[in-house]
Amino acid sequence: MSKLFLICSIFLFSCSNKSSRDNLIGSWWIIDEVNSYSEYYVNEQEWVFNNESIGPIYYDYHIKGDSIQIGSAIWRFSVSDTKLILSGKNGNFELVKIPGLRSFFEIVDDSMKFEQFQEEFHLRYLEKKGSNQFESNQPNAGFF
């Protein structure tokens with residue numbers, strides 16, 4: 001009986017970790033504590049920060065249980081289909097999923113598609129700025 005419990009526990013843990021990783025993959029946006037709009041693109045191996053003033057910055061990330069290490073920062077995280085919450089010593093952040101966005105990772109090696117992608121990013125940035133969701137455009141390097 002204890003072997004069956006152990007096998008079931010391992011199976012459930014591995015499934016929940018995979019589900020978290022699956023929900024994590026995609027594109028996210030946030031207006032952070034300095035009122036700066038940023039987007040984050042996540043695939044199976046990389047986490048990319050994109051900001052109007054800085055441009056894409058790449059990080060490796062690793063998941064262990066309910067923690068995620070992005071670059072050198074370690075966060076507790078919870079993720080659903082629409083929200084990603086990161087909490088740690090650098091603060092708490094709630095990111096929102098961007099539905100239907102072309103994958104950053106599919107276009108990054110094609111300069112024409114990448115330029116168009118950055119133009120679309122700029123339009124999303126202006127849309128948030130125009131909706132008075134934030135007041136300033138101060139550059140930052142993400143929260144890592």
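**A barrel, a helix and three salt bridges**

Okay, let's start in the middle of things: Ile68 sits opposite Trp75, a residue of β6. What you're looking at is a predicted model, so keep that in mind as we go.

Let me zoom out from that pair. The strands here, 8 of them, close into a barrel, and the order is β1-β2-β3-β4-β5-β6-β7-β8, with antiparallel pairing. On average, neighbouring strands of this sheet are turned by 30 degrees against each other, if you ignore direction.

Let's walk around part of the barrel. β2 and β3 are antiparallel and share 5 bridges; one spot to find there is Val42, which faces Trp47 in β3. Further along, β4 is joined to β5, residues 67–70, by 4 bridges, again antiparallel. Lys64 has Ser67 in β5 as its bridge partner. The β4 and β5 hairpin leaves 2 residues between the strands, and Gly65 there has a positive phi near 65 degrees.

Next comes β5 with β6, residues 73–79: 4 bridges, running antiparallel. This is a hairpin too, with 2 residues between the strands, and Gly71 in the turn takes a positive phi of about 60 degrees. Then β6 and β7 are joined by 4 bridges, and their hairpin has 3 residues between the strands. In that pairing, Arg76 has Ser87 in β7 as its bridge partner; hold on to Arg76, we'll see that residue again. Lastly, β7 and β8 pair over 6 bridges, antiparallel, in a hairpin with 2 residues between them.

So what's packed together here? Which residues touch the most other members of the largest nonpolar core? They are Trp47, Ile68, Leu84 and Leu86, out of 20 residues in that core. Each of the eight strands, β1 through β8, supplies at least two residues of this core, and the largest share, 4 residues, comes from β6.

Back to Ile68 for a second. If you skip the neighbours within four places in sequence, Ile68 is in contact with, among them, Leu24, Trp47, Tyr61, Phe77 and Leu86. And apart from that core there's another one, of 11 residues, including Val48, Ile98, Phe117 and Phe121.

Now for the helix. α3, residues 111–130, lies across β1, β2 and β3, and runs at about 135 degrees to β2. That brings me to a residue I'd like you to click on: Glu39, in strand β2. Is Glu39 buried or exposed? Its relative accessible area is 0%, so Glu39 is buried.

What does Glu39 have for company? Its side chain makes polar contacts with two tyrosine side chains: Tyr37 at 2.5 Å and Tyr41 at 2.6 Å. Leaving out residues up to four places away in sequence, Glu39 also touches Trp28, Trp29, Val48, Phe121 and Arg124, among others.

Arg124 deserves a closer look. Side chains of opposite charge can pair when their charged atoms come close. Here, Glu39 and Arg124 meet in a salt bridge, 2.5 Å from N to O. The pair links distant parts of the chain, with Glu39 in β2 and Arg124 in helix α3, 85 residues apart. Arg124 has a relative accessible area of 16%, so Arg124 counts as buried as well.

How many salt bridges does the structure hold? There are 3. Another is between Arg76 and Asp66, whose closest N and O atoms are 2.7 Å apart. Arg76 is in β6 and Asp66 in the loop between β4 and β5, 10 residues apart. Arg76 is partly exposed at 46%, and Asp66 is partly exposed at 40%.

The remaining pair to show you is Glu94 with Lys83, 3.2 Å from N to O. Glu94 is in β8 and Lys83 in β7, so this salt bridge ties together parts that are 11 residues apart in sequence. Relative accessibility is 42% for Glu94 and 33% for Lys83, so Lys83 counts as partly exposed. Lys83 also stands opposite Val96 in β8.

One last stop: Glu52, in the loop between β3 and β4. Its relative accessible area is 27%, so Glu52 is partly exposed. The Glu52 side chain makes a polar contact of 2.7 Å with the side chain of His122. And the C-alpha atoms of Glu52 and Leu126 are separated by 9.8 Å, although these residues are 74 apart along the chain.

Note on methods. Residues numbered from 1 in each chain as written. Predicted model: local features only at pLDDT ≥ 70, side-chain atom pairs only at ≥ 80, totals over all residues. Heavy atoms only, no water. Buried < 20%, exposed > 50% of the residue type's maximum accessible area, 1.4 Å probe, protein only. Polar contact = N/O pair within 3.5 Å; in protein donor to acceptor, adjacent residues only side chain to side chain. Pairing = 2+ DSSP bridges. Core = buried A, V, L, I, M, F, W, Y, C linked by side-chain atoms within 4.5 Å. Contact = heavy atoms within 4.5 Å. Axes fitted to C-alpha atoms, helices over the stretch in contact; angles between N-to-C directions. Salt bridge = Lys/Arg side-chain N within 4 Å of Asp/Glu carboxyl O.
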